[in-house]
Amino acid sequence: MKLRLGVIADDFTGATDIAGFLVSAGLRTVQLNQPSAEEVLRTAEISEAEAIVVGLKTRSAPSRQAVDASLEAARALRTAGAKRFVFKYCSTFDSTAQGNIGPVTDALLDDLGLDFTVVVPALPVNGRTVYRGHLFVGDDPLDESGMRHHPVTPMTDSNLVRLMSAQSRGHAIAVPYDVVRQGAEAVRSSLDDARSGGARYAVLDTLEESHLQTIGEACKDMVLVTGGSGVGGAVGRVLASDMDRSAARPAPTDSWIGTAGPGIVLSGSASEMTNRQVARYRELAPALPLDVGRIIADGPAYLEEVLAWVGGNGPSVTRLDPLVYATAGAERVRSLQREHGAERTSEAIEEFFAQIAHGVLENGYTRFVVAGGETSGAVTQALGVSAFRVGPQIAPGVPWTKSTDGRLDLALKSGNFGDEDFFSSAQNTMREGRNFHDPR
Ligand SMILES: Nc1ncnc2c1ncn2[C@@H]1O[C@H](COP(=O)(O)OP(=O)(O)O)[C@@H](O)[C@H]1O
Ligand SMILES: O=C(O)[C@@H](O)C(=O)COP(=O)(O)O
């Protein structure tokens with residue numbers, strides 16, 4: 001077994017995000033969704049994976065459930081040979097004072113016999129930076145960004161030290177930019193001081209890619225690192241540079257071949273970026289907005305109508321895949337939540353997307369572009385996909401993935417990732433792929 005790194009990701013888009021960065025770092029990486037311990041072990045044995053990413057759906061689950069699922073994943077990864085672990089959460093934290101990042105981090109620390117770790121959500125390539133312990137999204141502090149309107153985890157505080165202290169058992173401190181820019185040695189010594197001073201978590205300022213590399217090197221001997229795909233990629237690069245690379249082997253995405261069947265775009269994210277992506281794609285391809293009232297009141301009959309619409313807008317009619325979306329602006333989301341209840345609305349929409357995915361799968365669809373983390377979790381489960389190979393990146397943090405049985409191609413897009421043309425560029429990337437066979 002070659003396994004070095006085990007990643008526990010709190011949602012499925014987050015899992016593909018970090019898996020893509022680990023592949024780019026040069027590690028053979030497999031992604032498993034909610035696997036049993038046996039699946040983790042079997043994968044480590046037969047796949048020669050150097051990194052296994054376990055995608056969970058724990059971001060907004062009840063805390064006990066999130067802790068249990070994360071511990072089970074970490075133990076399975078350890079049994080499979082992993083010596084180092086990353087707990088991957090969102091680059092926009094997506095975890096309020098009642099959230100699961102603190103409880104899961106505490107449980108992992110205890111289970112691994114540790115008393116200290118780092119908190120590094122930053123992903124500068126996508127505009128997520130941390131300064132003086134505050135998380136920024138582009139030009140805005142987190143609590144002034146679109147994330148303040150998130151339907152499930154509205155972020156109204158940008159101070160990670162405060163958020164982490166509120167959620168967890170221990171004391172968090174910030175390691176400022178002036179230390180990080182001095183390099184790995186300075187960071188390591190600052191972390192040692194923090195730990196001996198009684199801190200349990202250090203939030204590291206991160207303004208640019210080079211800071212991630214510094215942090216990756218400073219955390220070289222840390223068994224558990226927590227944060228986003230940025231620090232995950234840095235840990236991966238440091239690990240890869242330490243490994244024996246004498247055996248020639250193809251780059252992990254060299255042999256990427258897309259499936260040939262029809263495709264669909266499903267968008268259940270209500271983020272600002274996804275709203276822009278939907279608006280843009282509506283100009284290019286057939287698009288069906290979902291009626292949330294009918295999802296709740298009229299489930300099965302409405303599902304039949306939606307599937308019929310998809311069937312009528314297939315490959316013989318349109319070059320770009322049809323889009324079905326619940327995506328709406330903050331005002332509309334609030335009003336639907338007032339009318340039907342926030343949790344009920346989210347769950348009903350996610351379940352409806354799962355049913356659409358299942359329906360089109362039965363009709364022979366093989367290519368799925370999905371926007372939204374929770375939505376991707378629901379869709380992937382409905383498709384019965386439990387393991388992915390990770391392919392080329394469409395945009396930073398969004399690779400194409402393929403079910404390991406080769407049946408399906410999936411692009412699971414975090415709500416906030418990609419540019420306005422993401423939905424069409426995902427399909428174009430696939431069609432332009434060297435080996436992609438487009439039946440149209
Ligand atoms: N129009 C809407 N009104 C209310 N909730 C919505 C609407 N559209 C989507 N949602 C819900 O919002 C949540 C979005 O979360 P997610 O899929 O993780 O997207 P993101 O990646 O942007 O966080 C889902 O639970 C989804 O069902
Ligand atoms: O780190 C990130 O921003 C993403 O990998 C992520 O976690 C995606 O979550 P959603 O925004 O819920 O899709």
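This is a stop-by-stop walk through the predicted model, with a suggestion at each stop for what to select.

**Stop 1: the two domains**

Start by colouring residues 5-242 and 263-432 separately, since the domain assignment of the protein gives these ranges as domain 1 and domain 2. Taken over C-alpha atoms, the centres of domain 1 and domain 2 are separated by 27 Å. Where they meet, 28 residues of domain 1 are in contact with 29 residues of domain 2.

Stay on the domain 1 side for a moment. Helix H1, strand S2 (29-33) and helix H2 (37-47) each supply at least two residues of the side that touches domain 2. Which of the elements gives the largest share? Select H1: 8 residues of this side come from that helix. By class, the side of domain 1 that touches domain 2 holds 10 nonpolar, 13 polar and 5 charged residues.

**Stop 2: ligand 2**

Next, select ligand 2 and bring up its surroundings. The shell has 16 residues, and the closest are Gly 14, Asp 17, Ser 91, Gly 373 and Ser 414. With your domain colours still on, you can follow how each domain takes part: domain 1 (5-242) and domain 2 (263-432) each provide at least three residues of this shell. Helix H1, residues 12-25, turns up again here, giving the most to the shell around ligand 2, with 3 residues. Now colour the shell by class: 12 residues are polar, 3 are charged and 1 is nonpolar.

**Stop 3: H1 against H9**

Keep H1 on screen and add H9, residues 229-242. The axes of H1 and H9 are 8 Å apart, and the two helices pack at an angle of about 30°. H1 therefore counts as roughly parallel to H9, a label used for angles under 35 degrees. The crossing of the pair is right-handed.

To see the contact itself, show Asp 17, Ile 18, Phe 21, Leu 22, Ser 24 and Ala 25 from H1. Facing them in H9 are Ser 229, Gly 232, Gly 233, Gly 236, Arg 237 and Ala 240. The residues of this contact divide into 5 nonpolar, 5 polar and 2 charged. Asp 17 is worth a label, as this H1 residue meets H9 and is also among the closest to ligand 2.

**Stop 4: H8 against H9**

Leave H9 selected and swap H1 for H8, residues 209-218. Here the axes come within 8 Å and cross at roughly 55°, so H8 is oblique to H9. This crossing, too, is right-handed.

On the H8 side, pick out Leu 212, Gln 213, Ile 215, Gly 216 and Glu 217. They meet Gly 230, Val 231, Ala 234, Val 235, Arg 237 and Val 238 in H9. By class, the contact of H8 with H9 has 6 nonpolar, 3 polar and 2 charged residues. Arg 237 deserves a second look, being part of the H9 contact with H8 and of the H9 contact with H1.

**Stop 5: ligand 1**

Now move to ligand 1. How many residues surround it? There are 25, and the closest are Ser 269, Ser 346, Ile 349, Gly 372 and Gly 415. Three helices give two or more residues to this shell: H12 (330-340), H13 (342-362) and H14 (373-383). Coloured by class, the shell around ligand 1 has 9 nonpolar, 13 polar and 3 charged residues.

**Stop 6: H11 against H13**

For the last stop, keep H13 and add H11, residues 292-311. Their axes come within 10 Å and cross at roughly 20°, which means H11 is roughly parallel to H13. The crossing is right-handed.

Select Val 292, Ile 295, Ile 296, Leu 303, Val 306, Leu 307 and Val 310 in H11. Across from them, H13 presents Thr 345, Ala 348, Ile 349, Phe 352, Gln 355, Ile 356, Gly 359 and Val 360. By class, this contact has 12 nonpolar, 3 polar and no charged residues. Ile 349 links the final two stops: this residue meets H11 and is one of the closest to ligand 1.

Technical notes
Residues numbered from 1 in each chain as written. Chains lettered and ligands numbered in written order. Predicted model: local features only at pLDDT ≥ 70, side-chain atom pairs only at ≥ 80, totals over all residues. Near = placed C-beta within 6 Å. Helix = DSSP H or I, 4+ residues; strand = E, 2+ residues; numbered from the N terminus. Nonpolar A, V, L, I, M, F, W, Y, C, P; charged D, E, K, R; others polar. Domains from an automatic or database assignment. Axes fitted to C-alpha atoms, helices over the stretch in contact; angles between N-to-C directions. Parallel < 35°, antiparallel > 145°, perpendicular 65-115°, else oblique. Left-handed = near helix turned anticlockwise from the far one by under 90°. Contact = placed C-beta atoms within 7 Å.
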